[in-house]
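Me: Hi! I'd like to go through this structure with you, a bit at a time. Here it is.

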Amino acid sequence: MILDGKCPTGPIEKTWDKHRFDLKLVNPANKRKYKVIVVGTGLAGGAAAASLGELGYQVEAFCYQDSPRRAHSIAAQGGINAAKAYPNDGDSIYRLFYDTIKGGDFRAREADVWRLAQVSNNIIDQCVAQGVPFARDYAGYLDNRSFGGAQVSRTFYARGQTGQQLLLGAYSALSRQIKAGTVKMYPRREMLDLVVVDGVAKGITVRNLITGELESYAADAVCLATGGYVNVFYLSTNAMGCSVTANWKAYRKGAFFANPCYTQIHPTCIPQAGDYQSKLTLMSESLRNDGRCWVPKKKEDLAKHPDQIPEEDRDYYLERKYPSFGNLAPRDIASRAAKEQCDDGRGVGPGGRGVYLDFSTSIGRVGENTIKERYGNLFEMYEKITDENAYKRPMRIYPAPHYAMGGLWVDYNLMSNIPGLFVLGEANFSVHGANRLGASALMQGLADGYFVIPYTIGGYLAGVKPGTVGTDNPEFKKSVEDVVSYRDKLLSVNGKKTVSEFMREVGHLMWENCGMARSKESLTDNLKKIPALKEEFWKNVKVTGTGAELNQDLENAGRTADFLEFAELLCTDALHREESCGGHFRVEHQTSDGEAMRDDENFCYVGAWEFKGDGKDPELHKEPLRFENVHLAVRSYK
Amino acid sequence: MSEHKTMTLTLNVWRQKGPNAPGKFETYTAKGITEHHSFLEMIDVVNEDLIKAGKDPIVFDHDCREGICGMCSQVINGVPHGGQERTTVCQLHMRKFKDGDTIYIEPWRAAAFPILKDLIVDRSAYDTITQAGGYTSCHTGGVPDGNALLVPKGVADYAMDAAECIGCGACAAGCPNSSAMLFTSAKVAQLAVLPQGQAEAKKRVTSMVDAMQECGFGNCSNHYECQAVCPKGINVKFIAKLNREYLKAQF
């Protein structure tokens, strides 16, 4: 099937305004008759629930954490982009649009990206109005810094905790609506099924994580804002509870999964220290404003203290390879460059898996206090984890899985191919193409939540009669029965291996064979090993306790089972995409100097997969991408 | 991976099956722990052993494991988050302990945070306090340009110092009165100094303080334990600010 993203046509700068006018409206008195479910309360979900509640819809919001304030958006450190052009350095909506399309290696839709760039400015205003304490200069104006993949300063920030402050802004707006009674909040609930009635999304089945009870909720539309799936690599910068489960359940009910192979490996994370480790910690990309990446030129210097390696024996490889962007090369490029140095045997620290991020030049230029003011909390976090003082000794960093550009397929209205199912934020695939630029995840989450879904959901609901399906519909009962039998199956295996042993194994396979570099051979290998591991899981996993209680082992088992299925789809997608683009690097497709080589003739499309049943191959659908404003070109940061 | 010397520790962990069940300490041994394990990774190791032995693992709240989500909440040897300055449990590393140590692990203890199971408590009271007024009542859209109201750096920094609160609940758990004053004051102070929050300052402080009392938290009697255990180092000066704002709101 050829998919249609239903993008508006005509001059790009008019597309969103025209579309907004063309969308049907639900009149204020009728809005309260419609019920909308929002799953996930990060930037996208929290902002959507608050904004839809304020408009007058009856909103029910769900999250697995104990409070909507804890979603993993909170961990974003560096900043949020907007095309305000306050520094007078040549920025514009068009430039942000251009940088994002190019940064995504020409694998995103133009109209979606234009809209993102256009509403980016509204987001900053909205957050300021909420009391988000963005960094300001002494005169009181908003301050900016630079991020990778851009030659202008357009990143707004709140120390090293921008995600936290933006999320608390959305949480405060959500809290206001909860108090007003327009949003009913259900924390500590995990979505375990999407209920589809006559082909239309009408509700969800969730597990109450405290009591273990399964609960049904019906609505006129369901919004998933359930984040990304890079915990499929086991070790990642995601929170422990981040999973593919909600998206996967929707996929199994017919929603198409788009571009799962586009995963972002973030260049600056604290290297792994041991096998026991449960997660990796990001060091914000903003550090590359003041930090310089290097490795020793000579292998015999590897054992030396970095101070003892003279300047002429250091290889500032990003500055050498990409002189015009230097240390601010985009993430995919910076990550691959770090890997290249380590593969060459010049990596530092345990296992030779690390490069230096050195602040001494900047400390010399602006002083330690300024650096402390800019990144103090990051240096503190680094010291807690590694017991090293980065003011005195360069940080050691290494790439780690961080973000999923792929996600459920949505059209321009953020609606999936299942009518009534909307997907927001990282959970959808829409704007980042094959590589996301720094400081644009926060932008997308809030754009979708505050400024897109409040308009586009109206266009859908205006054509739907409210409240036609309730939880008494047999599909809800069937959904609960399916979830119960799946849960009981997990509990009844009673094997010998723990859930985390399986998760570590699948994560290891994914990192080694489908991580920063992929080949036909490695992917084919995974497509043999992962199904075998899945089979072993269902014969030999040990899950303790019962379903009718707070049971974290059972929660993890369910998420791992879904990751085992999803890993196979990710590898299938990576195998089919015979090109390198952005975060998807196929070793067979590279230039002589090791850069990614796209194949626009054959792969300039969104690959969206349809579930056809267990044991059957998924079916690939394509949405061709057209570039009418930013011309397809080889991406260069040299 | 490099080899590390390992430690063996004795853990006394609070186990409680449900809100109304009696709880008690159970003793476990944590083996093969290195200085690089985080405290939660140490518990992961114990839990793996428990699962393999067919026993119920210790349940505890945790999520981001990088000190920002505010989910983790354990009292370690009598101190919320374990006593390392400005550190959540998830960022506490085992290099702070030594081989042979005995460690006591308990949930938050405060009447307004009822225990749900083992080390997990119900902290929804903090959401209730926020819902009472921890926001500016701006609508989505229709707000002025971000630079329309200037906020001098000193004011923005003060607001940010307060806004760093992660809502973990350690302040109330560490306070002999189970007071939530530090948590409440951080939000009140942040929004009281910013021009965007000033229009509603009086109403906000009154409703948030009322909500705090209705939730069953005690009052502040200046022990400063809250600041000592706060993983973000939120300063008690914000409590003084809260009191001033509260007084101002009475006139």
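Me: How much area does chain B expose, and what share of it do carbon and sulfur atoms supply?

Reply: Chain B exposes about 9800 Å², and carbon and sulfur atoms supply 51% of that. Accessible areas come from the Shrake-Rupley method with a 1.4 Å probe, and for residues only the protein chains shown count as cover. A word on the basis: this is a predicted model, where local features need pLDDT of at least 70, side-chain atom pairs count only at pLDDT 80 or more, and totals for chains, interfaces and linings use all residues. Residues are numbered from 1 along each chain as its sequence is written, chains are lettered from A and ligands numbered from 1 in the order in which they are written, and side-chain values use heavy atoms, with hydrogens and water left out.

Me: Thanks! What share of chain B counts as buried?

Reply: Of its 251 residues, 60% count as buried (under 20% relative accessible area; exposed is over 50%, partly exposed in between, with a 1.4 Å probe and protein chains only).

Me: And how many helices and strands does chain B have?

Reply: Chain B has nine helices and seven strands. These are DSSP runs numbered from the N terminus: H or I of at least four residues for helices, E of at least two for strands.

Me: Where is B:Ser178, and is B:Ser178 buried or exposed?

Reply: B:Ser178 sits in the loop between helix 4 (170-174) and helix 5 (181-193) of chain B. B:Ser178 is buried, with a relative accessible area of 15%. Its phi is near 50°, a positive value in a residue other than glycine. Most residues other than glycine have a negative phi.

Me: Switching to chain A: what is phi of A:Asp198 near?

Reply: Phi of A:Asp198 is near 50°, again positive in a residue other than glycine. The loop holding A:Asp198 joins strand 6 (189-197) and strand 7 (200-208) of chain A. A:Asp198 is exposed, at 77% relative accessible area.

Me: Now helix 11 of chain A. How far apart are its end C-alpha atoms?

Reply: They are only 20 Å apart, although helix 11 (residues 368-386) has 19 residues and a straight helix would reach 27 Å at 1.5 Å a residue. That expected span is 1.5 Å times one less than the number of residues.

Me: Where is the kink in helix 11 centred?

Reply: On A:Tyr375, with a kink of about 85°. The bend is the angle between axes fitted to the seven residues ending at a residue and the seven starting there. A:Tyr375 is one of the buried residues of helix 11.
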